[in-house]
Amino acid sequence: MVRTPTKISRPRRQIVTKMFPATVLWVAAAVVRPVEAFVSLPSFPKTSNARATRLRATPDDLFSDVMRSVAEFWSNVVPFSDAVDEADASRKRLKNGLLSLVRTSGTSTDRSEVEDIIADLAALSPNADAARSALLRKKWLLEWTTEKEINFFLDWNISDDVSQSISYDGDGETAKGRLVNDIAFRRGGSFGVIGSLSPNDNLRLRTDFEFTGATLDLADWGSYQLPPLGKGWFDTVYLDEDLRVDTNSRNDILICTPKDR
């Protein structure tokens, strides 16, 4: 006996046809939900069991709800993306402005102008835990400072190369930090200070340090060991791949860029 294929009535065909795009959009909405969670945007609206039952029976309503959810999702994504782009642009503008200012004016730069830019930059710092960031652990070239002892060497043209190296012998809370400050003299020799350092237990931007020794190298006139110079702390108020800004326990400012790029 040959069975005659069952024909789908016109109303049922219409329902299936309408449900297809709605189903595709519903699946698409499910796929983007992890993205929605990642950027902490509002969740798609949830429906009660009674509402879900009615949706299954009414494809047009299902389609409308999915479209509304997708529209709400993207209305939040677009402003979020715009805000990120705007922050990046502001950060770049402030960084360029700060470096241009201190490189042009040198040690005669007005401190208040520098502080104004730093205040804006600090609000945009991408590292809220700068003292523990791996970005801090490198050799830095000093671009500008208010420290009088360092500026003495710069103002008298004894040096034009001041650097600071920060390193740790491992990771985790037990890692031991090492600090090396070096002022290279134009005619040979240098003045260097070494010390220990560690992230502060309570403040996420602060690094505590203690100097343990100093060396004055006078090239042909010999090298001399000097006693330690003290201890203190510095707060890294801005830190990224190519700029570091510190304030410290002596109310001084240091602006640094990577020594070896």
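Colleague: What pattern does the protein chain follow, read along the sequence?
Modeller: In this predicted model, the order of elements along the protein chain is α-α-α-α-β-α-β-β-β-β-β-β-β-β.

Colleague: And how many helices and strands does the protein chain have?
Modeller: The protein chain has five helices and nine strands.

Colleague: How many of the residues count as buried?
Modeller: The protein chain has 261 residues, and 34% of them count as buried.

Colleague: What about the area that the protein chain exposes?
Modeller: About 16,600 Å² is exposed, and carbon and sulfur atoms supply 56% of that area.

Colleague: Which share of the contacts joins residues at least 24 apart?
Modeller: If one takes the contacts between residues at least 6 apart in sequence, 54% of them join residues at least 24 apart.

Colleague: Let us turn to salt bridges. How many are found in the whole structure?
Modeller: The search finds 11 salt bridges. One of them pairs D240 with K95, and the closest N and O atoms of this pair are 2.6 Å apart.

Colleague: Where do D240 and K95 lie?
Modeller: D240 is in the loop between β7 (231–239) and β8 (244–248), while K95 is in helix α3, so the pair ties together parts that are 145 residues apart in sequence.

Colleague: Is D240 buried or exposed?
Modeller: D240 is buried, because its relative accessible area is 5%, and buried means under 20%.

Colleague: And K95, buried or exposed?
Modeller: K95 is buried as well, with a relative accessible area of 14%.

Colleague: What other salt bridge does D160 bring in?
Modeller: The side chain of D160 meets that of R186 in a salt bridge, at 3.6 Å from N to O. D160 belongs to strand β2 (residues 159–168) and R186 to the loop between β3 (177–185) and β4 (190–199), so this pair ties together parts that are 26 residues apart in sequence.

Colleague: How do D160 and R186 count in terms of accessibility?
Modeller: D160 counts as exposed, at 51% relative accessibility. R186 counts as partly exposed, at 49%.

Colleague: Which residues are joined into one network by salt bridges that share partners?
Modeller: K95, D240 and D242 form one such network.

Colleague: And which residue meets D129 in a salt bridge?
Modeller: That residue is R132, with a distance of 3.7 Å from N to O between the side chains. D129 is partly exposed, at a relative accessible area of 27%, and R132 is likewise partly exposed, at 28%.

Colleague: Moving to the surface, which residues form the negative patch?
Modeller: The negative surface patch is made up of D110, E113, D116 and D120. Of these, D116 can be placed in helix α4, which covers residues 111–122.

Colleague: Why does D116 count as exposed?
Modeller: D116 counts as exposed because its relative accessibility is 52%, and the term applies over 50%.

Colleague: Where does T109 lie?
Modeller: T109 is in the loop between α3 (59–105) and α4. T109 is buried, with a relative accessible area of 8%.

Colleague: What does T109 touch?
Modeller: Not counting residues up to four places away in sequence, T109 touches L101, V102, V114 and W144.

Colleague: Then V102 interests me. Where is its place, and what does V102 touch?
Modeller: V102 is found in helix α3. With residues up to four places away in sequence again left out, V102 touches T109, V114, W144 and I255. V102 counts as buried, at 2% relative accessibility.

Colleague: What separates V102 from E113 in space?
Modeller: Their C-alpha atoms are separated by 9.8 Å, and the two residues are 11 residues apart along the chain.

Colleague: One last residue: where is the place of V245?
Modeller: V245 is in strand β8 and is buried, with a relative accessible area of 0%.

Colleague: With which residues is V245 in contact?
Modeller: Leaving aside neighbours within four places in sequence, V245 is in contact with L98, I118, D235, T236, V237, Y238, L254 and I255.

Colleague: And how far apart are V245 and F234?
Modeller: They are 11 residues apart in sequence, and 9.8 Å apart in space from C-alpha to C-alpha.

Terms used:
Residues are numbered from 1 along each chain as its sequence is written. This is a predicted model: local features need pLDDT of at least 70, side-chain atom pairs count only at pLDDT 80 or more; totals for chains, interfaces and linings use all residues. Side-chain values use heavy atoms; hydrogens and water are left out. Patches are made of residues with over 30% relative accessible area and no salt bridge: like charges are joined within 9 Å, nonpolar side chains (Val, Leu, Ile, Met, Phe, Trp, Tyr) within 5 Å. Accessible areas come from the Shrake-Rupley method with a 1.4 Å probe; for residues, only the protein chains shown count as cover. A salt bridge is a side-chain nitrogen of Lys or Arg within 4 Å of a carboxyl oxygen of Asp or Glu. Lys and Arg count as positive and Asp and Glu as negative; His and the chain ends are not counted. The place of a charge is taken as NZ of Lys, CZ of Arg, CG of Asp or CD of Glu. Helices (H or I, at least four residues) and strands (E, at least two) are DSSP runs, numbered from the N terminus. Buried means under 20% relative accessible area, exposed over 50%, partly exposed in between (1.4 Å probe, protein chains only). Contact means heavy atoms within 4.5 Å.
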